[in-house]
Structure formats: structure tokens, C-alpha cells
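Visitor: I have a model on my screen and would like to see how its labels follow from the numbers. Could you walk me through it?

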Amino acid sequence: MRYFFAADVNFSDTPHRKEMRETFGWPIFANVNLNAKLSFEIANNTRLTLQGLLSNWSWRQFDSQWAENLEGLALNRHKSHRISASLTHTFSSKFYTTLKVANYFYNRSVLGSIEEDAQGLVFQDENDPNSLIKEGIQPWNEDTKERVSVAKLDLVGQVHPYHLLKAGMDLQYYNLNSENTRFTALPALGDVGGIALNKFSYDYQYSPRFFAFYLQDEIDYKGITANLGLRYDLFAPKISVENFSGELQSLRSILDTPSITTKSEKYSPISPRLGVSLPLSESERLHLNYGWYYQMPSLYYVYTNAEHQLDGYLPFAGNLELEPIKTVSTEFSYKRHFDSDFLFVFTGFTKSFANLIDTRTFIVPDSLITSTSQNIGF
């Protein structure tokens, strides 16, 4: 039996000790992390490994705009834990398998104002949203929970003296739940000016799925090493919207907005992988690598206000049609040993990306915006 245990604690008054300690007690920032691992043989050629991770953060973020009203700053908290188990069984000197299961939980909370509006904020300059905030509580209240269950199976076998085969699958089940209301100050458009408080609010609960399967052949023949691999991914955001808001339909008739869909798609890309290492001489070697890689964008940009409820001054709206981010990577490396004390290495690579995420803002024409407008776009 083997075990490992580690812990670290970090208490800090942050670089803003002078300002923050006049209002809050010690510490302004607190972080505790624990990591424990236990590994032991439960039968002949079978090993079980258990691991637990725990993290707890708590802090207040200094903001110069709140310098004269620090007691209004919201308390931020991050809590997470991960429990995992790994079972490895060796069938023979040429074949073994590993099964891993894990459960991860994450909770983010911001404990600011819970009011339905932010009218309690008092700005030093009633026409400047960037001026000092003299009174009020930071208008941000959030409770986000994320739970992920993972199961992964890997098989490794030396099927031939020159071929080492690897295969495996990976299944991930998500449970996402978030409630968030936040107000930000913007300069009000229209014929009067002043400050407009933009409401940013969403409440969602979704359960996306992810699945992957891979197959790899590692070839080693007369000094030449090659890795040939293929990976299949399945991304399923699993979200549909029955009806978009009436405000959205009205704005779409005014603005040149892209078409929108009411249901997310499943994506199932296939990724080739190739790696080759060639000896050029006794002291020279050339390495080549090529691969495609897919990753779903942050689900925040998919689920947040997917219904396009436009009850804010300039609300944020998610996009059900976001596709996986694709990376194509090519790398080569030349190595030469001149003697036992000197090695020369030259490496070059290229990467290309597709489906990166950006945002676009749609604003209604100035002639249609008045001092009483509740929405100016999204």
C-alpha cells in the first residue's frame, strides 16, 4: 500500500492591504487546497488507486471605483472537490487495462446585492458610469454549480513485436445549474443622457454529454518509431428553445441579425493523429507530428440567456449553434548530438484554428432610442 497527502494554505491581505484593512478583517484572500491519494493491490496483478482533491477559495476583489465604499464589495467564493478511482489489471506481460471513474463538483458564488434592481447605487457624477460609487452594494449575486461524472477505459496490448496497440473510450456527463443577476453601469443613449443600469440575468439547468473513442498503433521497427492514431468525438449540448421572446422578434425586424435556431446540434468529428521519428544517422534524428484536435467552446456561451430574453439595456445572448473549436497542428524537430556534452535541437511548428469565439453587438438606430428606452440592442 502506498499513500500520498499534500495540503497548502494561502492567507493574504492582497496588494491592497492599506485600503482593504480599513473595512475588512484579515485575511482578504483565503485559499485552502487538499490532495490525498491511496494506492494498493487488491489482488494479484490488480491495483486500485483512490484520490481526493478539495479546494476552497474566499476573497473580495478590490475595485478602485468602489474605493470610497469598500463595504459594498461582494464576497466571492469558489468551492470544488474531485473524487476518483482507478483500477488497473495486468493480464500478461503484453496486455493490461485501466478503468477510471471520477466525480467533480464546482460551486461559484458571488454574494452581492439580491435586489431586483440596482437603484441603490449612488455615483459621484450622475452622468458618468465610471465615476466613484459613493453608496450601495455591488449589484452582483450568483450561484453556479457544475457536476461532472467521468468514466474512462483504456486497453494496451503488445500484439506484435513491432506493434503496440492502444484503444480507449471516454464518457462525460454534465449537470450544470446557474442563477446569476448582475447590473453594470453604461452611459445612457438617447436625448437625455445620464447612466443606464444594464441587467445581466440568467437562470439555467442543462445536462450535456460528451463521448470519445480512440485507436492508436505505436510502431517501432529498426530505429523508426511511428504513432498512427484516430479519435472520434461526440459533443451533445442537448438544449432546445420552444419560443424566443417577443422583444427579440421586434429587434430582428429592425436590425440585420443572423438567423437563429431553436435546437442545438450533435457534433461528431473524427481526428487523425500522426507522429514519426526517423534516424538520419547515428547522431541525427528527425521528428514529425501532425494532428487534428477538437474542443467544445465554453458552454457559458451556449447556455447563457439562450432564450434571448431582452429585459436588459444591452443584454448578452448565447448561441445554440456554436461548433467545436478545431485546431490543426504540425510540428517537426531536428536533433543532432555532436558529443556527450553538446546537443543541437531545431524545432518548428504551425497551428491553424477554426470556430474561435467572439461576440457581436447589435444596436438599434439612434433615432429610435429615447431616455425611456428599456432596451437598445443586444
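Visitor: Why is Y3 called exposed or buried here?

Guide: Happy to start there. This is a predicted model, in which local features need pLDDT of at least 70, side-chain atom pairs count only at pLDDT 80 or more, and totals for chains, interfaces and linings use all residues. Residues are numbered from 1 along each chain as its sequence is written, and side-chain values use heavy atoms, with hydrogens and water left out. Buried means under 20% relative accessible area, exposed over 50%, and partly exposed in between (1.4 Å probe, protein chains only). Y3 has a relative accessible area of 71%, so Y3 is called exposed.

Visitor: Which patch does Y3 belong to, and what makes it a patch?

Guide: Y3 joins F5, V9, F11, W26, V32, L34 and L54 in a nonpolar patch on the surface, with about 870 Å² of accessible area together. Patches are made of residues with over 30% relative accessible area and no salt bridge; like charges are joined within 9 Å, and nonpolar side chains (Val, Leu, Ile, Met, Phe, Trp, Tyr) within 5 Å. The areas come from the Shrake-Rupley method with a 1.4 Å probe, and for residues only the protein chains shown count as cover.

Visitor: Which strand gives the largest share of the nonpolar patch?

Guide: That is β1, with four residues. Y3 lies in this strand. Both β1 (2-12) and β2 (29-43) supply at least two residues of the patch. Strands (E, at least two residues) and helices (H or I, at least four) are DSSP runs, numbered from the N terminus.

Visitor: What makes the contact of R17 and D13 a salt bridge?

Guide: The term asks for a side-chain nitrogen of Lys or Arg within 4 Å of a carboxyl oxygen of Asp or Glu. R17 and D13 meet at 3.7 Å, N to O, so the pair qualifies. D13 also meets R21, at 2.9 Å.

Visitor: How do you know that D13 is buried while R21 is partly exposed?

Guide: D13 has 10% relative accessibility, so it counts as buried. R21, at 36%, counts as partly exposed, and so does R17 at 48%.

Visitor: How many salt bridges are there, and which one links E284?

Guide: The structure holds nine. E284 pairs with R336 at 3.9 Å, N to O. This pair links distant parts of the chain, 52 residues apart: E284 is in strand β14 (residues 284-295) and R336 in strand β15 (residues 325-339).
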